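Trainee: Could you walk me through this one before the group meeting? I would like to start with the overall picture and then go into some details.

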Amino acid sequence: MTYNDTFAKWQAADLPKDLENELQAMPEDQIEEAFYQDMAFGTAGMRGHMGVGPNQINVVTVAKVTEALASYIDQNGQTAKDRGVVIAFDSRHHSTEFAIEASQVLSAHGIKVFRFSSLRPTPELSFAVRHLKAFAGIMITASHNPKEDNGYKVYGEDGGQMIPSAVQAVIDARAAIENPFTIQKDASEKNVAIIDDLVDNAYLAEVKTISVDRELIKKEGAALKFVYSPLHGTGQYIGEKALQQAGFTNYTVVKEQAELDGDFPTVKKPNPEDPAALSLAIEYAKREEADLVVATDPDADRMGAAVRLADGSYQVLSGNQIAALMVNYLLTAKKKTNTLPENGAIVTSIVSSRFASEIAKSFGVTTFDVLTGFKYIAAMIDRFEEKKDYTYLFGFEESFGYLIKPFAHDKDAIQALVLFAEMAAYYKEAGRSFADGLDDLYKQFGYFEEKTNAYEFPGVSGHQEMADLMTKFRNEKLETVADQLVLATQDFASQEQVDRVGSVKKMPQPKANVLKYWLADGSWIALRPSGTEPKLKLYLGVVANSKAAADKKLAAYEKELAEKLQG
């Protein structure tokens, strides 16, 4: 079927008025992009622009993927249907509508649905799946994407994002649906239960256990002054409750960004990875001479921060810096309170900094590297719990995602808020700043610095262009980068590491379309096509004896790789 055939099928369908109007007004040059395929379902479900057509997010595409999920649940029998699906949603446009659409499709299959009546964070959805012993979960969110986007994440029974085999079963079931306009829906929602307070109270009770040193909070919690921004999203409700129950009361919420608004009017992108998203909170902090700024993205699974320097300015921290600081504080506090286990482990992604790993090593804590996507961290947690060979202590990705305790199986900015505030109290009690603490770590372990660049490949040909580039790098084989020898090449698609003399070592991670290069100076480079966006990501990580030396390395590697990617 051509995109014109699909377009004609949508024209003949009984669409909601907004989609019908958009279809009628759609320019000719946009039709192919919107209708040539079903939206890709990747490492974290599907995510993209809201609009008409199978390659965009709308009630039809939501109903279709939910019908596919329902078919997968049906195949797993009545017990799976009775265990049901938890559904949550964020503050984006149409999120409530999409959550209800998914509920009605599942209910029509006789599948039990547990839904929140208003927006909740992604980590609470993950927790709810585990707490209610549900079979699956759905989170309607585009996380930190621009306002034009929305998304649909699917979770498995462990509270982590659905494993690849289950995802493939949903993709296959979706492909078998010939007519998405005849999908049955139960408007009465007879199998739907609202779960607000039931889950909120249980989740907050678990968050209360995040604090490692309660005496420290009692001494410094009231003196610590900080600014919090929920960036128009779900952290506004649960985030404040979590901070208050931990004992932090001397904080200011950015009023303009506490407004739930899918247009995200105060930021270009509601992404705490972007320093610009923290600008308004930093203005608040300067007026109040606050110790720090923290911000959570719209679905509260990512947290960003800025800390006050001696001259009164604020330094925005990278995700890797935040993780290193939190690992150091967490392990220091556990050692002080005699709660640091002998078999402790942290888990991180293959494209995250080695900084936190070196810190963990100094405490006798092992680091496990997994593929990008928090579901792989969740899978490692499950492995620890099954084999009982390691005790999970912390997990993170460079993209501002952290998980302290595994009662949720996804990155959790609410947990991170509490631990980060406690860490601020720790430095305040010692009469030191975050900058002092970070500098101490650099002096001990080396100056680590990282950078991520995303090269966009939009349109019909985008995925093929990215595939061609990855093939080019595999075929040409990098020998040097900016005069540094490549000591080893890791190809996660073949699950092999090959060193300079040709020795081959099998890697433990599942297959993935990722290439990683280790250089003679301890630096590393990785290439990975995004699983949810038309982007090829270049990751750079260096270590040096100063910031100037690290910056020089980064610039040299970035320049050479950019030429290869764009040339």
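Mentor: We can take the fold as a whole, then a helix, a few single residues and a pocket, keeping in mind that this is a predicted model.

Trainee: How many helices and strands are there in the protein?

Mentor: The protein has 19 helices and 23 strands. Its radius of gyration is 24 Å, close to the 24 Å that the globule rule gives for 567 residues, so the protein is as compact as a globular protein of that length. Along the principal axes, the C-alpha atoms fill a box of roughly 65 × 55 × 50 Å.

Trainee: And what share of the residues is buried?

Mentor: Buried residues make up 57% of the 567. As for contacts with a separation of 6 or more, 70% of them come from residues 24 or more positions apart.

Trainee: Switching to helix α7, why is it described as largely enclosed?

Mentor: Helix α7 spans residues 122-131, and eight of its ten residues are buried, so the rest of the structure largely encloses it. The buried ones are T122, P123, E124, L125, S126, F127, A128 and V129.

Trainee: What covers those buried residues of α7?

Mentor: The cover includes the strands β2 (85-89), β4 (136-140) and β5 (149-155), together with the helices α9, α11 (235-246) and α16 (413-429). After α7 comes K133, which has a positive phi near 55°.

Trainee: You mentioned α9; where does D196 sit, and is D196 buried or exposed?

Mentor: D196 belongs to helix α9, which covers residues 196-207, and because its relative accessibility is 16%, under the 20% limit, D196 counts as buried. Its side chain is joined to that of S117 by a polar contact of 2.3 Å. Setting aside neighbours within four places in sequence, D196 is in contact with R115, F116, S117, S118 and R120.

Trainee: What about the other aspartate, D521: which side chains does it make polar contacts with?

Mentor: The side chain of D521 has a polar contact of 3.1 Å with that of K553, and another of 2.6 Å with the side chain of Y557. D521 lies in the loop between β21 and β22 (524-529), and at 19% relative accessibility it counts as buried. Beyond residues up to four places away in sequence, D521 touches Q484, V543, K553 and Y557.

Trainee: Back to backbone angles: where are H232 and A482 placed?

Mentor: H232 is in the loop between β7 (226-229) and α11, whereas A482 is in the loop between β17 (480-481) and β18 (484-491). H232 is a residue other than glycine with a positive phi, near 65°, and A482 is likewise not glycine and has a positive phi, near 50°. In terms of burial, H232 counts as buried at 0% relative accessibility, while A482, at 23%, counts as partly exposed.

Trainee: Last topic, the second largest pocket: how much space lies in it, and which residues are closest to its centre?

Mentor: The second largest pocket holds about 540 Å³ of space. Its lining has 28 residues, and those closest to the centre are D369, V370, M380, P508 and Q509.

Trainee: Which element gives the most to that lining?

Mentor: That is α15, with six residues. At least two lining residues are supplied by each of β13 (366-370), α15 (374-387), β20 (504-506) and β21 (515-519). By residue type, the lining of this pocket divides into 15 nonpolar, five polar and eight charged residues.

Note on methods
Residues numbered from 1 in each chain as written. Predicted model: local features only at pLDDT ≥ 70, side-chain atom pairs only at ≥ 80, totals over all residues. Heavy atoms only, no water. 1 Å grid on protein atoms, 1.4 Å probe; cavity = no way out; pocket = protein on both sides within 12 Å on 5 of 7 lines; lining within 4 Å. Points joined across faces, edges and corners; volume = space filled by probe spheres on them. Helix = DSSP H or I, 4+ residues; strand = E, 2+ residues; numbered from the N terminus. Nonpolar A, V, L, I, M, F, W, Y, C, P; charged D, E, K, R; others polar. Buried < 20%, exposed > 50% of the residue type's maximum accessible area, 1.4 Å probe, protein only. Polar contact = N/O pair within 3.5 Å; in protein donor to acceptor, adjacent residues only side chain to side chain. Contact = heavy atoms within 4.5 Å. Rg over C-alpha atoms; globule rule 2.2 N^0.38 Å.
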